[in-house]
Amino acid sequence: MEDEVSVGLSKIARGAAYLLVGTAAGKIFSFLNRIILARHYTPGEYGVYSMFLTIVSITTVLATLGLGEGVVRFIGYYRDRKDKISQIASSALFVVIATSSLVSAFLFILRDEIAEVLLHNPEASRAITFGIVAAFFMPITSVLANVARGFEKAKEYAVISSFGIPFGLFLVIIACVMMDVPIHFLILGVGMLYLFLSLTYFRIAKNLTKISIFKVNKKTAKTLLFFSTPLVISSILGMVMTWTDTLMLGYFYGDRVVGVYNVAVPVAKQLSLFLGLVAFIYGPFCSALYSKKKIKEIGRIYQVLTKWVFFAAFPFFAVLFVFPEATINLLFGKEYLAASKALQILAAAFMVNVMLGLNSYTLVVIGETRFILFSNLMGAFSNVLLNYVLIPRYGVVGAATASATSLLLVNLLASTKLYSVSKIQPLTTTYIKSIVAGLFSLFLINLIISGFFRVNIIVALVFLAAFLILYVTILVLLRAVDREDIELMRKIERRLGINLDRLVTILGRKDMS
């Protein structure tokens, strides 16, 4: 058991490191892309581009039919059967090409109506026409990328998707700005970028397995669709939970309040980034373990990863929760300070999401996709109901409370189901100690600073430093480390060529090394 857990954690940590670097670099270019677009094009043109991204995001979810997660799960599950993996990859590619064709045809036929109804600009029809290239190749790229993920190719994904897409888009934008072309040519450029990405991922998939649209297996395709269809419906319900608060705020209060609220949401969501990083390899690796009925090993990996993700996310949560005003003022300006309370509420909800770990991902691994659909249905229903009740009375705070409650409900349902069918849960003695240490440190440092200092960015940085020192000290005193934590330190030690013997001794786990 220890060997497989150790190997799994090592792969997941290495994959998460690649993705973290790629994602961080990609976000820099994503930020630059927004600035360049906003400065070069008019608000109306930028609005057309933003609506185009929204439309193709929705069509991609519909066209992929949840096949991405299905491909990852089944490639991991049938790791030792090359013929079966070839059928899975080929069948998924065939299906997504067919659905992408249908979606693209749908957009072409309704391009004038979409331009008129959604954009109130008949001339935007041309932009939608040019965007059909992207609408066709985005789902194909997504499924082929998940074939690579099924083989645990984190480095390739980090380079091509996490970094490559924002950087490629940056090159397209620079070219369009230099040539001073209309916005619809930029949208065409996005489509050509995804054509290149789909060809790149196809070549990688070809090197990993014998993939071909002419090798489709009807039985395999049906199995994939049966497994994945609940996931695409769940994704749609997820979009309902994502957009209901924004739409209802716009209906009851107007666009200004929507703008204020939507500075809090993306900031709080960054706490879930750490879950996404470790989930990349977790899914296919644990699917392989599940095919061998090694539930205990999956449970142990789940527990260790949950604690690691908690360690990474909690300092950021501490800053967001204690200094919401300073955070918003620094990032967006004083005019958005009304979102401070909403940021606190959402940050707390997303932190609980992190604390409960990869519950939904694990349900996918063990094949409980229909329950994921049920939990998301309950979440979407509660989200719509609570937003309708709370927003008219409490505004952005009501919207945040509704979204936080629905997120907690989905997590509670997923964690309960996971435990009932597999006995997998995140709580261990050392993890409970870590949570207690974090909450105590947060409370104590916040009590001291809030009583004697005026909040600003300097105070926030001092708070973070003091919090980390106290937090680590309490962790050491409580001996809140496991064997797997020491093994990770040793691997970092070997990779960086440094000596961590003293740190291991301080942690009180010399016997584990």
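# A guided tour of the helices, cavities and loops

A search of the whole structure finds 0 disulfides. The model is a predicted one. Two cysteines may be selected at this point. Cys-176 has a relative accessible area of 6%, which is under 20%, and therefore counts as buried. Cys-286 is likewise buried, at 0% relative accessibility.

**Helix α10**

Select residues 218-253 next. These 36 residues form helix α10. From the first C-alpha to the last, α10 reaches 51 Å, close to the 52 Å expected at 1.5 Å a residue. Centre the view on Trp-243, where α10 bends by about 40°. Then move to the residue that follows the helix, Gly-254, whose phi is positive, near 100°.

**Helix α13**

Now select residues 295-322, the 28 residues of helix α13. The distance from its first C-alpha to its last is 39 Å, close to an expected 40 Å at 1.5 Å a residue. At Ala-313 the helix α13 bends by about 35°. A proline, Pro-315, follows Ala-313 within four residues. With the rest of the structure displayed, consider the surroundings of this helix: 22 of the 28 residues of α13 are buried, so α13 is largely enclosed by the rest of the structure.

**The largest cavity**

Turn to the interior spaces. The structure holds 3 cavities of 30 Å³ or more. The largest cavity has a volume of about 90 Å³. To find it, select Met-51, Phe-52, Ile-55, Ala-127 and Ile-128, which lie nearest its centre among the 13 residues of its lining.

Which helices each supply at least two residues of this lining? They are α2 (43-64) and α6 (125-130). The largest share comes from α2, with 5 residues. Colouring the lining by class shows 12 nonpolar residues, 1 polar residue and no charged residues.

**The second largest cavity**

The second largest cavity has a volume of about 50 Å³. Three helices give two or more residues to the lining of the second largest cavity: α3 (67-77), α12 (273-291) and α16 (359-365). To display the lining, select Glu-69, Val-72, Arg-73, Arg-149, Gly-283, Ser-287, Tyr-361, Val-364 and Val-365. By class, this lining has 4 nonpolar, 2 polar and 3 charged residues. Whereas charged residues are present here, the lining of the largest cavity has none.

**Two loop residues with positive phi**

The last stops concern backbone geometry. Most residues other than glycine have a negative phi. Select Glu-152, in the loop between α7 (132-150) and α8 (154-179). Phi of Glu-152 is near 65°, a positive value in a residue other than glycine. Is the residue buried or exposed? Glu-152 counts as buried, because its relative accessibility of 14% is under 20%.

Finally, select Lys-293, which is found in the loop between α12 and α13. Although Lys-293 is not a glycine, its phi is positive, at about 60°. Lys-293 is exposed, because its relative accessible area of 56% is over 50%. The two stops thus share a positive phi in a residue other than glycine, while Glu-152 is buried and Lys-293 is exposed.

Conventions
Residues are numbered from 1 along each chain as its sequence is written. This is a predicted model: local features need pLDDT of at least 70, side-chain atom pairs count only at pLDDT 80 or more; totals for chains, interfaces and linings use all residues. Side-chain values use heavy atoms; hydrogens and water are left out. A disulfide is a pair of cysteine sulfur atoms within 2.5 Å. Buried means under 20% relative accessible area, exposed over 50%, partly exposed in between (1.4 Å probe, protein chains only). The expected span of a helix is 1.5 Å times one less than its number of residues. The bend at a residue is the angle between axes fitted to the seven residues ending there and the seven starting there. On a 1 Å grid over the protein atoms alone, a cavity is a set of points where a 1.4 Å probe fits but cannot get out, and a pocket is an open set with protein on both sides within 12 Å along at least five of seven lines; lining residues have an atom within 4 Å of a point. Grid points are joined across faces, edges and corners, and a volume is the space filled by probe spheres set on the points. Ala, Val, Leu, Ile, Met, Phe, Trp, Tyr, Cys and Pro count as nonpolar, Asp, Glu, Lys and Arg as charged, and the others, Gly among them, as polar.
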